[in-house]
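The following exercises concern empty space in a protein model. Work through each task before reading its solution.

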Amino acid sequence: MEHEGPRLPAPRGPLSRDVDAYLRGAGRLPGLEEVARAEVYGDDLQLALYLCYELHYRGFAGVPPEREWDPDLLRVRAAMEQRFLSALRTDAHVHDSVDEALAGLLVEPVDGAGVTHFLRDEGELWQVREYATQRSLYHLKEADPHAWVLPRLWGRAKAAMAAVEFDEWGGGRADRVHARLFADLMTDLGLDTTYGRYLDAASAEALVTVNMMSLFGLHRALRGALVGHFATVEITSSPGSRRLAETMRRTGAGPAAEHFYDEHVEADAVHEQVVRHDVIGGLLEREPHLAPDVAFGIDATEFVEERFGTRLLADWRASRSSLRAPLAPEAAHIS
């Protein structure tokens, strides 16, 4: 029986074309020289890497589950990962200590100019829909990439991380799972809630943000970086979500759209304290040598999110779409 899952997206270059063909059983894998030639943050390499990572989540329609651990595919993935990780370590390194890295996250700038500020102050509904479309690559599997770190933690860090993840997954209630709440937000915005539906439309910058989570989550050696990434998400989520909740109300996006961000304002304000004091604190209490990796995870998250925001704002301020493929007109309740 054919494996269920999202359909494979259209390739974006020779690297993703060859990975796509291999997954379909219709071609060879790319050579390492093709990996070396591809732009590290570009569409082709990032989509090829995303295809490899997605096999560890829900896979793709028509792709056998055995491809998840195909040794030849893993060798090519490792080469792409090495280039990606090396680039992040070079481009994103800012802080040498966790305290210094965290300090920058804990201060909200008086005159913020990021994507959530733009959407709150002047964003239009079409831009809100595009933002949700780009973010759907992560939010429809929200918290899943972080679950891989749980077997790699111990004691206080493990217990605290599990508690935060339990909240992200609805505290045991299917209707409160954050991925479900985001699907409801998408319905309010007239978007298709099918998992993986907008992979073809998402920008390379959006792929980078999700691929980095998978990279950190799938490698035990990068558990410190994953914790740093997760801390950054939780610390910055509450103020950003407050601005996005205001955006949803101002643009009339709908009650579920408002609720998704209202939920994150409240929940992530608590999570921020737990992650800083118990997840990071518990990890470094047992493994203090991971401090530089935690700092790297924080810096890398800031770096890829800034690239993503810069791309969105450049497109929107030029009155052009940030997506690779146009969205269908609104089809659901938007008041």
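For classing residues, Ala, Val, Leu, Ile, Met, Phe, Trp, Tyr, Cys and Pro count as nonpolar, Asp, Glu, Lys and Arg as charged, and the others, Gly among them, as polar. The model is predicted: local features need pLDDT of at least 70, side-chain atom pairs count only at pLDDT 80 or more, and totals for chains, interfaces and linings use all residues. Residues are numbered from 1 along each chain as its sequence is written, and side-chain values use heavy atoms, without hydrogens and water.

**Exercise 1.** Describe the largest cavity by volume, lining and residue class.

*Solution.*
1. On a 1 Å grid over the protein atoms alone, a cavity is a set of points where a 1.4 Å probe fits but cannot get out, and lining residues have an atom within 4 Å of a point.
2. The volume of the largest cavity is about 60 Å³, taken as the space filled by probe spheres set on the points.
3. Its lining includes Tyr50, Ser136, Thr194 and Arg197.
4. By class, 6 nonpolar, 3 polar and 1 charged residues line the largest cavity.

**Exercise 2.** Determine where the second largest cavity lies.

*Solution.*
1. This cavity holds about 40 Å³ of space.
2. Among the residues lining the second largest cavity are Pro6, Tyr50, Glu54 and Tyr195.
3. Domain 1 (14-90) and domain 2 (95-318) both contribute to the lining, so the second largest cavity lies between them; the domain bounds come from an automatic or database domain assignment.
4. The lining comprises 5 nonpolar, 1 polar and 1 charged residues.

Notes
1 Å grid on protein atoms, 1.4 Å probe; cavity = no way out; pocket = protein on both sides within 12 Å on 5 of 7 lines; lining within 4 Å.
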